[in-house]
Amino acid sequence: MGYLSGKTVLVTGASSGIGLATALAFAREGARVAVCARREDKLQPLAAELTKAGAPAVHTFVLDVRNRAAVEETLAALPDDWKEIDVLVNNAGLSRGLNKLYEDDPENWEEMIDTNVKGLLYVTRAVVPGMVARNRGHVINLGSTAAYITYANGGVYCATKAAEKSISEGLKIDLMGTAVRVTSVDPGMVETAFSEVRFRGDTERAAKVYQNITPLQPEDIADTIVWTASRPAHVNIHTVVITTIDQANSTVFNRHS
Ligand code: NDP
Ligand code: 8X3
């Protein structure tokens, strides 16, 4: 039996992309998998897939991580056999727009900051005290290459991921003396619904983001997340920066034509 067999994992934002692939990857390791997102219609079919993939138990629930009261209440009211979370994957996140900051709609900023920063904090605040009390656990946050180098028209999204980087570092310091681990997994471009969401359903514009490069796939990130979670208990992988071979950093790409 592997290290993750029978462990309880919670993945936020599991209805799509990296979160979905990560939930499936943990299921294949024999972990008990809890998944949440806002779209219930996406979570229902996922439950069956997770069971088929090997999860001995699956729990799905609707959660908008921006809603602090809902996060607190929902996570406090988890069924007893789901309360002891061993691995939390703070994945729920999004970008909105690609605009000059001084021309952008502040609603875009609110949504990104509320989801990527405040939502991550709310979920972490609800889950980590239990990990500390049990003296075991692992928080894995989704960062980005965007945290390291800001790209044009993406200042606020990049800022949310820079905040995630600082929060991960700070949480690690705060958890010193406990056996709770903290990891930031920081991908470059991954082909998911991310760009469609950024461009509010403009699939043509979204497709251009991944044109003439070989982007990472969500499974590449899921694989990395599971790897960080399956190291021996005394090993803490702090940060993994991962890009396609066609990306050097958040601004330098090798476009094939
Ligand atoms: P997707 O759009 O495919 O998935 C985003 C997920 O987040 C969905 O399941 C969505 O579910 C969920 N989500 C969004 N807002 C909320 C909310 N308020 N409450 C709960 N769940 C929410 O994108 P990715 O898989 O690419 O993105 C996942 C994470 O990876 C994000 O944090 C993103 O910033 C990060 N990332 C992505 C990269 C990429 O290039 N794709 C690169 C680096 C990092 P629902 O809409 O049902 O709520
Ligand atoms: C998502 C990757 O480069 O589109 O964090 O911002 S990028």
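**Exercise 1. An asparagine in a loop**

Locate N91 in this predicted model, decide whether N91 counts as buried or exposed, and find which residues N91 is in contact with beyond its neighbours within four places in sequence.

*Solution.* Start with the position: N91 sits in the loop that runs between strand 4 and helix 4. Next, take the accessibility. The relative accessibility of N91 is 12%, and buried means under 20%, so N91 counts as buried. Finally, look at the surroundings. Once neighbours within four places in sequence are set aside, N91 is in contact with T12, G13, I18, G19 and L142.

**Exercise 2. A tyrosine and a distant partner**

Place Y151 among the elements, work out whether Y151 is buried or exposed, and say how many residues apart Y151 and S250 are in sequence.

*Solution.* Y151 belongs to the loop between strand 5 and helix 5. Its relative accessible area is 18%; the cut-off for buried is under 20%, so Y151 is buried. Now turn to S250: 99 residues separate Y151 and S250 in sequence, while their C-alpha atoms are 6.6 Å apart in space. Leaving out residues up to four places away in sequence, Y151 touches L98, A146, Y157, C158, R198, S250 and T251. S250 is thus one of the residues that Y151 touches.

**Exercise 3. Two asparagines with positive phi**

For N135 and N153, give the value of phi, then find the loop that holds each residue and its exposure class.

*Solution.* Take N135 to begin with. Its phi is near 55°, a positive value in a residue other than glycine. N135 lies in the loop between helix 4 and strand 5, and its relative accessibility of 41% makes it partly exposed.

Then go to N153. Here phi is positive too, at about 70°, although N153 is not a glycine. The loop between strand 5 and helix 5 holds N153. With 36% relative accessibility, N153 counts as partly exposed.

**Exercise 4. Helix 1 and its two partners**

Describe how helix 1 packs with helix 2 and with helix 8, giving angle, handedness and the residues in contact.

*Solution, helix 2.* The axes of helix 1 and helix 2 come within 7 Å and cross at roughly 30°. Angles under 35 degrees count as roughly parallel, so helix 1 and helix 2 fall in that class. Their crossing is right-handed. From helix 1, the residues making the contact are L20, A23, L24, A27 and R28; from helix 2, they are L46, E49, L50 and A53. Sorted by class, these residues are 7 nonpolar and 2 charged, with no polar ones.

*Solution, helix 8.* Helix 1 and helix 8 pack with their axes 8 Å apart, at an angle of about 50°. They are therefore oblique to each other. Helix 1 passes helix 8 in a right-handed crossing. Helix 1 contributes G17, I18, A21, T22, A25 and F26 to the contact, and helix 8 contributes P218, E219, I221, A222, I225, V226 and A229. The class count is 10 nonpolar, 2 polar and 1 charged.

**Exercise 5. Helix 4 against helix 5**

Find the angle at which helix 4 and helix 5 pack, then use it to classify the pair.

*Solution.* Helix 4 covers residues 106–134 and helix 5 residues 155–174; they pack at about 15°, with axes 9 Å apart. The pair is therefore roughly parallel. The crossing is right-handed. On the helix 4 side you will find W109, M112, I113, N116, V117, L120, L121 and T124, which meet V156, Y157, T160, K161, A163, E164, I167 and L171 of helix 5. Counting by class gives 11 nonpolar, 3 polar and 2 charged residues.

**Exercise 6. The nonpolar cores**

Which residues touch the most other members of the largest nonpolar core, and which element gives the largest share of this core?

*Solution.* The largest core has 34 residues, of which F26, V33, V35, L50, V89, I221 and I225 touch the most other members. Elements giving two or more residues include strand 1, helix 1, strand 2, helix 2 and helix 8. Helix 1 gives the largest share, 7 residues.

Zoom in on V35: beyond its neighbours within four places in sequence, V35 is in contact with L10, V11, A14, A23, L43, L46, L50, H59, T60 and F61. Another core, of 22 residues, lies apart from the largest one, and C36, L63, L75 and I85 are among its members.

Definitions and conventions
Residues numbered from 1 in each chain as written. Chains lettered and ligands numbered in written order. Predicted model: local features only at pLDDT ≥ 70, side-chain atom pairs only at ≥ 80, totals over all residues. Heavy atoms only, no water. Core = buried A, V, L, I, M, F, W, Y, C linked by side-chain atoms within 4.5 Å. Buried < 20%, exposed > 50% of the residue type's maximum accessible area, 1.4 Å probe, protein only. Helix = DSSP H or I, 4+ residues; strand = E, 2+ residues; numbered from the N terminus. Contact = heavy atoms within 4.5 Å. Axes fitted to C-alpha atoms, helices over the stretch in contact; angles between N-to-C directions. Parallel < 35°, antiparallel > 145°, perpendicular 65-115°, else oblique. Left-handed = near helix turned anticlockwise from the far one by under 90°. Nonpolar A, V, L, I, M, F, W, Y, C, P; charged D, E, K, R; others polar.
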